[in-house]
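Got the viewer open? Here is a short walk through the model, with something to select at each stop.

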Amino acid sequence: MKRAIRWALICVWLSCRLAHGADPIDLKAFRGRVVYLDFWASWCVPCRQSFPWMQILKTHYEKQGLEILAINLDQNRGDADRFLGRFHPTFEVRFDPQGKSAEQFKVQGMPTSVVIDRHGVVRFTHIGFRPVDQTAYENELRRVLAEE
Amino acid sequence: MQLRYALFVLLLCSTVLASGCSTLGVKPWQHDVLSREEMQLNSDPLDAAIDDHVYFSKEASSGGRSFAGGGCGCN
């Protein structure tokens, strides 16, 4: 009986490990700052519009505590580098070809942007990017930046 | 003894299977892999289109073929 219970516990632990790995993005490092997390890929056409806009956001709001983190999900690093060579972003870009961070944030479409406040709470999630939504997104960001 | 063993096997299977279906399907960020030439369902789309035209002409019916599509899934 004890052996069976021990095995059962091992199975439960194994099942948990299979279903959920370690969190790849550690947001604790960004506490106190508002994070605009953007999941992008070189083949994603709306990302070509979102990158210049994110660059503008960085210029305007960095001093107020905005941190932009762009996570690339390309399988091929060369494709991502070519895209970056075209837009030259100055915000932080990280590479996650296995998509672990995308799983962590349950990305449902490309691109996906997530606004995380200074306490590490996810406040807004946007699937897709359209130029008409820029003003609304910026207003949301300003509201979160204004909070303590 | 048999019952205990059976229950144990059932528990073992259910805990492993519980996470099984979470990996099915293509993730939204994997669409670039799906759109590669070697991943297309049809190896010769032009040929397939011409064949379709022939079938339509002969049988007065069309469709029934799959076609590459769905876009990139953006927006």
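Start by selecting A:Asp74 and showing what surrounds it. Leaving aside residues up to four places away in sequence, A:Asp74 touches A:Ala41, A:Ser42, A:Asp79, A:Ala80, A:Pro97 and, from the other chain, B:Asp32. Keep in mind as you click around that this is a predicted model. A:Asp74 sits in the loop between E2 and helix H3 (77-87) of chain A. Is this residue buried or exposed? A:Asp74 counts as buried, because 21 other C-beta atoms lie within 10 Å, and the cut-off for that label is 20 or more. For a distance to try out, pick A:Pro46: 28 residues separate A:Asp74 from A:Pro46 in sequence, and their C-alpha atoms are 15 Å apart.

Now step back along the chain to E2(A). Of its 7 residues, 5 are buried, so E2(A) is largely enclosed by the rest of the structure. Look at both flanks. On one, E2(A) pairs with E1(A) in the parallel sense over 7 bridges; click A:Val35 and you'll find A:Glu67 of E2(A) as its bridge partner. On the other pairing, E2(A) and E3(A) are also parallel, with 4 bridges, and A:Ile71 stands opposite A:Arg94 in E3(A).

Next, colour the whole sheet. Its 5 strands come in the order E3-E2-E1-E4-E5 (chain A), forming an open sheet with mixed pairing. Which strands stand at the edges? They are E3 (92-95) and E5 (122-127) of chain A; each has a single partner strand, so one side of each is left without a neighbour in the sheet. Neighbouring strands are turned by 20° against each other on average, direction ignored.

Add helix H2 (residues 45-61) of chain A: H2(A) packs on the sheet, touching E1 (34-40) and E2 (66-72), and its direction makes about 155° with that of E2(A). Trace E1(A), H2(A) and E2(A) in turn and you have a right-handed β-α-β unit. E2(A), H3(A) and E3(A) make a right-handed β-α-β unit too.

For the antiparallel part, select E4 (residues 112-116) of chain A, joined to E5(A) by 5 bridges. A:Ser113 faces A:His126 of E5(A) there.

Last stop, chain B: select helix H3 (residues 45-59). At 1.5 Å a residue, its 15 residues should span 21 Å, and the end C-alpha atoms are indeed 21 Å apart. The number of buried residues in H3(B) is 0, so this helix lies largely in the open. Just after H3(B), click B:Ala60, where phi is positive, near 55°.

Methods
Residues numbered from 1 in each chain as written. Chains lettered and ligands numbered in written order. Predicted model: local features only at pLDDT ≥ 70, side-chain atom pairs only at ≥ 80, totals over all residues. Helix = DSSP H or I, 4+ residues; strand = E, 2+ residues; numbered from the N terminus. Expected span 1.5 Å × (residues − 1). Buried ≥ 20, exposed ≤ 12 C-beta atoms within 10 Å, placed from the backbone. Pairing = 2+ DSSP bridges. Axes fitted to C-alpha atoms, helices over the stretch in contact; angles between N-to-C directions. Contact = placed C-beta atoms within 7 Å. Right-handed = clockwise from strand over helix to strand, strands pointing away.
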